[in-house]
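This briefing goes through one structure by topic. Please have the sequence and the coordinates open while reading.

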Amino acid sequence: GIRVFALFMFNCAALLAISPMMSVLLAIAVPVFLLVRGKYKRELIKVAEDAQSATARVSSILCEILSAIPQIQLLVAERIGSRRVLSEWAGMFRILKNQRKTEILCHAGIGNIVALSMIGTLVCSSIQVAHGALTIGGLVAIYAYVTRIFDPVTIAMDLFSRMQRSRAHISSVRAVLNLEPVVPDHGFHFIVNRNAAPEIELRSVHYGYASSAPVLNGISLLIPSGMRLVIAGKSGSGKSTLARLLVRIAD
């Protein structure tokens, strides 16, 4: 990066020494370049994040279906699973297509600025040659330096597009790392002595996945030390929920 910047500054200084007028004309292209970059910056970030989300969603669905192949076969739900996967793939391809389209439009906009700047430079230099204000050698030198000046610009735009993709991946990783635990630790837990044989007791426990429909309602339970207890009940009566509470998978 430092080497490219140093070459860019050297070429600008050389062009300024050969033809200050050409340097002024190229300086006019800088605000236009920044304007185009600013126009596409937010859009590039958005399409990169959408593409990352779509790819993650497809991977999640594939893992879910592949891990449940026996159940899917038992329920004869192969076609439903296939349609679901194909639908998500189609949506992902549409988002990726939109991402590539945005990147191409951005590169095309920058390319047009570069092309118009070089054409303008050649036209102005040719006029100066015709009036004897510039030699043919000077024209060739100006063209060479202008080409070298715009090469880093093109490379920078390509790196900018790649950085937006990397930024979307990093944002996804940060989102996972910043997730708050479902079961928070308030700091008042204690260590159970392995040699002791504590009993397990529940006192008026209420729990529900939705406040309007409690699964457990005022459950009290005492399991003495060394006792084996079987909890039976119909499906949905709260057996698994009670076990999750006992081992604190749910709070």
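The points below cover the helices, the nonpolar cores, the salt bridges, the aromatic pairs and the backbone angles.

The model is predicted. The largest nonpolar core has 21 residues, and four helices, H1, H2, H4 and H5, each supply at least two of them. Five salt bridges and two aromatic pairs are found.

**Helices**

- Helix H4 runs over residues 78-130. H4 has 53 residues, and its first and last C-alpha atoms are 76 Å apart, close to the 78 Å expected at 1.5 Å a residue.
- Helix H2 covers residues 20-66. Its 47 residues should span 69 Å at 1.5 Å a residue, and the end C-alpha atoms of H2 lie 66 Å apart, which agrees.
- H2 has a kink of about 30 degrees, and the kink is centred on Tyr40.
- Helix H3 (69-74) comes before H4, and the loop between these two helices contains Val76.

**Nonpolar cores**

- Within the largest core, of 21 residues, those with the most contacts are Leu15, Leu26, Ile142, Val146 and Phe150.
- Helix H1 (2-18), H2, H4 and helix H5 (136-177) each contribute at least two residues to this core. H2 gives the largest share, with seven residues.
- Leaving out residues up to four places away in sequence, Phe150 touches Leu26, Val114, Ser117 and Met118.
- Another core lies apart from this one and has seven residues, including Leu202, Val205, Tyr207 and Leu216.

**Salt bridges**

- Lys46 and Asp50 form a salt bridge in which the closest N and O atoms are 3.0 Å apart. Both residues lie in H2, separated by four residues, or about one turn of the helix. An α-helix has 3.6 residues a turn, so residues three or four places apart point the same way.
- Asp50 is partly exposed, at 28% relative accessibility.
- What joins H2 to H4 across 31 residues of sequence? A salt bridge between the side chains of Arg57 and Glu88 does, at 3.1 Å from N to O. Arg57 belongs to H2 and Glu88 to H4, so the pair ties together parts that are 31 residues apart in sequence.
- Both partners are partly exposed: Arg57 has a relative accessible area of 39%, and Glu88 has one of 23%.
- Glu201 and Arg203 also meet through their side chains in a salt bridge, again with an N to O distance of 3.1 Å. Is Arg203 buried or exposed? Arg203 is exposed, because its relative accessible area of 66% is over the 50% cut-off. Glu201 is partly exposed, at 41%.

**Aromatic pairs**

- Trp89 and Phe93 form a tilted pair, with 5.5 Å from centre to centre and 35 degrees between the planes. Both residues lie in H4, four residues apart, which is about one turn of the helix. Trp89 is partly exposed, with a relative accessible area of 30%.
- Tyr207 and Tyr209 form an edge-to-face pair, with centres 5.4 Å apart and planes at 90 degrees.
- Tyr207 and Tyr209 fall into separate accessibility classes: Tyr207 counts as buried at 18% relative accessibility, whereas Tyr209 is exposed at 53%. Tyr207 is also one of the residues of the seven-residue core.

**Positive phi angles**

- Which residue in the loop between H3 and H4 has a positive phi without being a glycine? Val76 does, with a phi of about 55 degrees. Val76 is exposed, with a relative accessible area of 65%.
- Ser204 is not a glycine either, and its phi is positive, near 50 degrees. Ser204 lies in strand S1, which covers residues 200-207. At 49% relative accessibility, Ser204 counts as partly exposed, because the cut-off for exposed is over 50%.
- Gly132 comes just after H4 and takes a positive phi of about 80 degrees.

Definitions and conventions
Residues are numbered from 1 along each chain as its sequence is written. This is a predicted model: local features need pLDDT of at least 70, side-chain atom pairs count only at pLDDT 80 or more; totals for chains, interfaces and linings use all residues. Side-chain values use heavy atoms; hydrogens and water are left out. Buried means under 20% relative accessible area, exposed over 50%, partly exposed in between (1.4 Å probe, protein chains only). A nonpolar core is a set of buried Ala, Val, Leu, Ile, Met, Phe, Trp, Tyr and Cys residues joined through side-chain atoms within 4.5 Å. Contact means heavy atoms within 4.5 Å. The expected span of a helix is 1.5 Å times one less than its number of residues. A salt bridge is a side-chain nitrogen of Lys or Arg within 4 Å of a carboxyl oxygen of Asp or Glu. Rings of Phe, Tyr and Trp (its six-membered ring) pair if their centres lie within 6.5 Å; planes under 30 degrees apart count as stacked, over 60 as edge-to-face and the rest as tilted. The bend at a residue is the angle between axes fitted to the seven residues ending there and the seven starting there.
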